[in-house]
Amino acid sequence: MPDLIKVAKFGGTSMANYEAMNRCANIVKSDSDKKIIVVSATSGTTNLLTTLIGVKNPDDKHQIMNQIREKHYEICDSLKYKEEAKRRVAQLIDDLEKKVISSKAATSQYSDEVLSFGELISSTIFSYVLRESIGKKVEWLDAREIIQTDHNHSSAEPEIESIEKNAETGIIPHLKGSCFVTQGFIGRTKSGVTTTLGRGGSDYSAALFAEAVNADVLEIWTDVTAVYTSDPRIVKKAKPITEISFNEAAELSVFGAKVLHPATMVPAIRKNIRVYVGSSMEPHLPGTWIMKNTKEKPPIRAISLRKNQTLLTVHSLDMLYRHGFLARLFKVLSNHKISVDLVTTSEVSVSLTLDTNAGTPGKDFLPKSVISELKTFCEVEIEENLSLIALIGNNLHTTSGLSGPVFSTLEGINVRLICHGASSHNLCFLVDQQSAEKVVQKLHERFI
């Protein structure tokens, strides 16, 4: 076994073209401890495949297929073994074309099968780029041989025990002499049906691989240099964060930071695997280390923003001095697979947020059937076009003198909901979407 085991994930922009792939290959070449390389589809390919799924006209399907073919053949043309690589890529694209041309209906299973080709093609090409660079044994690995999931298409849940058993035989015995190139985002059920982990699931896949092989480090190589104190596009003076704790990073990813997939932290926390976030375009710049304990623990480390939030408020006199109302409310939401983020209550009202920008099933809308069911036992009020702002840090629930400065900074802003005290790592509130970016800028200037 090698001294250290590192899993490195490269995103879509890192796979955009031959030049981008070559930069990633150099990053792998610079560190022989990188043993498992997880890649996303080439930039823009998942969007093409998503469009392809919804197209019915055969001519339109052929047009999109030609775009996919030309895009990947162009990368192959820069390879040393371009003919061999192009043959393998052509076989994958031909298989994809047969599937979409013969398809009659876009089921969720069909969608997952089509989307999986993005990663299968990019990983195939990158395995050739890497062979040219490092000159040692590079193995292309079908992630579906390792990542076993349930049958929940488009947002499959991994089966951790099965994944670890698969890795014990399929990866771990070969780590010393090989470097594996595999796919993010995709998995397979026990019966052999292809699934996906949800949009942005490549980070999660990499974390699952890292957990399964007991890796020392998980590296996330992306198009930003580090995790920042806020979105640099909103806050010009946002600063890169040198190190951040697992708990803080988990809160940041859940509350809007795009650098990390929200589920990524879970496997890392389970096995205490350090995570590094860096830029594949500028690998020489310092990135961010995410670990269990950090040297410094500031009250406020970062400020995140999540737009397109929905606030659901229900009113009922049945809540007054009676039990069972909350159970009934959450049972309705659970039955419809609607996930709730923040909750505040009074004697006769409950307000809760529903993230309408998560892109996962059950969180992208509030069905009329849910509203109708709720109206059988309570009044329902829905407010949209809100934004959730979260202050992320440490011991926020016990830091004295924090609330005053926060809310004096928000003077003149209509705050619709405040959630504080349930977590020591966040203080959250809802504001109108039009004023959200201005609020983030003011808070960042005041506290960071």
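For the exercises below, Ala, Val, Leu, Ile, Met, Phe, Trp, Tyr, Cys and Pro count as nonpolar, Asp, Glu, Lys and Arg as charged, and the others, Gly among them, as polar. The model is predicted: local features need pLDDT of at least 70, side-chain atom pairs count only at pLDDT 80 or more, and totals for chains, interfaces and linings use all residues. Residues are numbered from 1 along each chain as its sequence is written, and side-chain values use heavy atoms, with hydrogens and water left out.

**Exercise 1. Find the largest cavity and describe its lining.**

Step 1. Take a 1 Å grid over the protein atoms alone; a cavity is a set of points where a 1.4 Å probe fits but cannot get out, and lining residues have an atom within 4 Å of a point. Grid points are joined across faces, edges and corners, and the volume is the space filled by probe spheres set on the points.

Step 2. The structure holds one cavity of 30 Å³ or more, and the largest cavity has a volume of about 50 Å³.

Step 3. Among the residues lining the largest cavity are Val-227, Ser-253 and Ile-290. Helix H8 (residues 246–254) gives the largest share, three residues. Helices here are DSSP runs of H or I with at least four residues, and strands are runs of E with at least two, numbered from the N terminus.

Step 4. Sorted by type, the lining has eight nonpolar residues, one polar and no charged.

**Exercise 2. Place strand S7 among its neighbours.**

Step 1. Two strands pair if DSSP finds at least two bridges between them. S1 (residues 6–10) runs parallel to S7, with five bridges joining them; S9 (residues 274–279) is also parallel to S7, over six bridges.

Step 2. Now look at Val-217 in S7: Lys-6 stands opposite Val-217, and in S9 its bridge partner is Arg-274.

Step 3. Check the cover, where buried means under 20% relative accessible area, exposed over 50% and partly exposed in between (1.4 Å probe, protein chains only). Six of the six residues of S7 (residues 217–222) are buried. Val-217, Glu-219 and Trp-221 point one way, and Leu-218, Ile-220 and Thr-222 the other way.

**Exercise 3. Why does Cys-419 form no disulfide with Cys-428?**

Step 1. A disulfide is a pair of cysteine sulfur atoms within 2.5 Å.

Step 2. Cys-428 holds the cysteine sulfur closest to that of Cys-419, but the two are 6.2 Å apart, too far for a bond.

Step 3. By this rule, the count comes to zero disulfides.

Key: 1 Å grid on protein atoms, 1.4 Å probe; cavity = no way out; pocket = protein on both sides within 12 Å on 5 of 7 lines; lining within 4 Å.
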